[in-house]
Amino acid sequence: MDRQLKNKLKRNIPLDYITAFITNLNMQSSVWVLYLAYCGLSLAEIGIVEGIYHATSILFEIPSGAVADLLGRKRSMVCSRVCTAISCVVMLFARNFWLFAAGFAIQALGNNLNSGSEEALVYDSMKLLGQEEGYLKVCGNLDVIIEVSQGIATVLGGILSDYSYFWCYLACLAVALLALVPVLFMSETPGAARIDGLELVKGDGFGIKQKAVREVVAGHFKLSYQILKSDREIVRVVVYYSVVFAAEALLFFYSQQYYFEMGFHRVSISLALLAVGMASCLGAVLSGRIYQSCGKKAVVAASSSIAFALLCYGFQNPALSIAVFALAGFCNAMLYPIQSDALNQRIPSGQRATLISVNSMFFSVAMIIMFPMAGALADCFGLGAVFAGVGAVLFAFTVFWHKL
């Protein structure tokens, strides 16, 4: 590898840090449930909109991963930012269920195009540089950056939405466009891959020779399926973490409405979410150390702690709820690098983005089942009771899964 190419690949890591920071200045994340409720949607409808988001993820997650593997991770990331910007425009002017659903679907497509691409680009850059053993550390650094960025966005989102939801979403649009800049300076990982005898020549983007694109894609999916079929541990990792992460996501997003119903002001809710973000930063920083010390016991303890946090919400005590909310954030952030490292160690480079996208697809399935159901039940029984029920189910799932 020549020095110029080596320097370009080294630059991908700090550029990805910048990209992650800007992208996650997502101010709508702390207010979107409140915004949809403000616009007249019930909790059940909010759950369905979120379900549509994840249904879109299922439809496009694996194809978007194949696009990233076959046509270029950088190009896929650029398209992702464009979709996010379009979604912000739709959300700015939407005033009915179907327009909100369209905005969420476009946002999901944008996230699909980025989810496997960014992770695969970083990992393969490190692998070509002979630094893949440091990936867990980089992943932890990224999680810290994401949590810091989201913490800032959480406070800004609460302040801006308190003044005007319009200004909050306008700021999100500006962030989406700004996030394009560092991506444009990133470099594609070079090399060649073969899928069932089909040669793929990779340059700045991926040129495809000898066969039609659809034949290569079909071969790509076939090989990815064979990898999943031959390695049961990949499937176990994907299924287990999808359920745990979906439960914590449900807690995080519906907590906006939970605290609002308890009389919290939007800025106060943002500060509560900021506290969770700070705990998440700590979880991301300590993830590698905790896992090295405790191994799989750390995974069981973290999952059980998230279940415990959900159960505590049933008491509807503000101080207790915020404390366990922070605990859940810590554990969730701690689990992300552990899962990412476990998957990347077992996935071949040529199918990395596609199989990471498969992981996202399983998470989407869990969200489609849990989110609308929780919203509908919350309309009938209240969010406190629903959170407690989800916590009980998650605890039983954790115990059962680790006995298999």
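In which helix does Ser-255 lie? I looked it up in the model, which is predicted. Ser-255 lies in helix H10.

**Entry: Ser-255**

Next I asked whether Ser-255 is buried or exposed. Its relative accessible area is 0%. The cut-off for buried is under 20%, so Ser-255 counts as buried. I then listed what Ser-255 touches, leaving out residues up to four places away in sequence. The list is Leu-250, Tyr-313, Phe-325 and Phe-387.

**Entry: nonpolar cores**

Phe-387 turned up again when I went to the largest nonpolar core. That core has 92 residues. Phe-387 is among those with the most contacts inside it, along with Leu-36, Tyr-254 and Leu-335. H10 gives the most to this core, 16 residues. Apart from it I found another core, of 10 residues. Its members include Met-126, Tyr-135, Val-138 and Leu-142.

I followed up Leu-36. Setting aside neighbours within four places in sequence, I noted contacts with Leu-41, Ile-46, Val-49, Met-91, Phe-100 and Phe-104.

**Entry: largest pocket**

I turned to the largest pocket and noted a volume of about 450 Å³. Which elements give two or more residues to its lining? They are helix H10 (232-261), helix H12 (296-312) and helix H13 (318-344). H10 supplies the largest share, five residues. The lining has 17 residues. Nearest the pocket centre I listed Glu-233, Val-237, Tyr-241, Tyr-291 and Lys-296. By class, I recorded 10 nonpolar, two polar and five charged lining residues.

**Entry: recap**

H10 came up throughout. Helix H10 holds Ser-255, gives the most residues to the largest core and contributes the largest share of the pocket lining.

Technical notes:
Residues are numbered from 1 along each chain as its sequence is written. This is a predicted model: local features need pLDDT of at least 70, side-chain atom pairs count only at pLDDT 80 or more; totals for chains, interfaces and linings use all residues. Side-chain values use heavy atoms; hydrogens and water are left out. On a 1 Å grid over the protein atoms alone, a cavity is a set of points where a 1.4 Å probe fits but cannot get out, and a pocket is an open set with protein on both sides within 12 Å along at least five of seven lines; lining residues have an atom within 4 Å of a point. Grid points are joined across faces, edges and corners, and a volume is the space filled by probe spheres set on the points. Helices (H or I, at least four residues) and strands (E, at least two) are DSSP runs, numbered from the N terminus. Ala, Val, Leu, Ile, Met, Phe, Trp, Tyr, Cys and Pro count as nonpolar, Asp, Glu, Lys and Arg as charged, and the others, Gly among them, as polar. A nonpolar core is a set of buried Ala, Val, Leu, Ile, Met, Phe, Trp, Tyr and Cys residues joined through side-chain atoms within 4.5 Å. Buried means under 20% relative accessible area, exposed over 50%, partly exposed in between (1.4 Å probe, protein chains only). Contact means heavy atoms within 4.5 Å.
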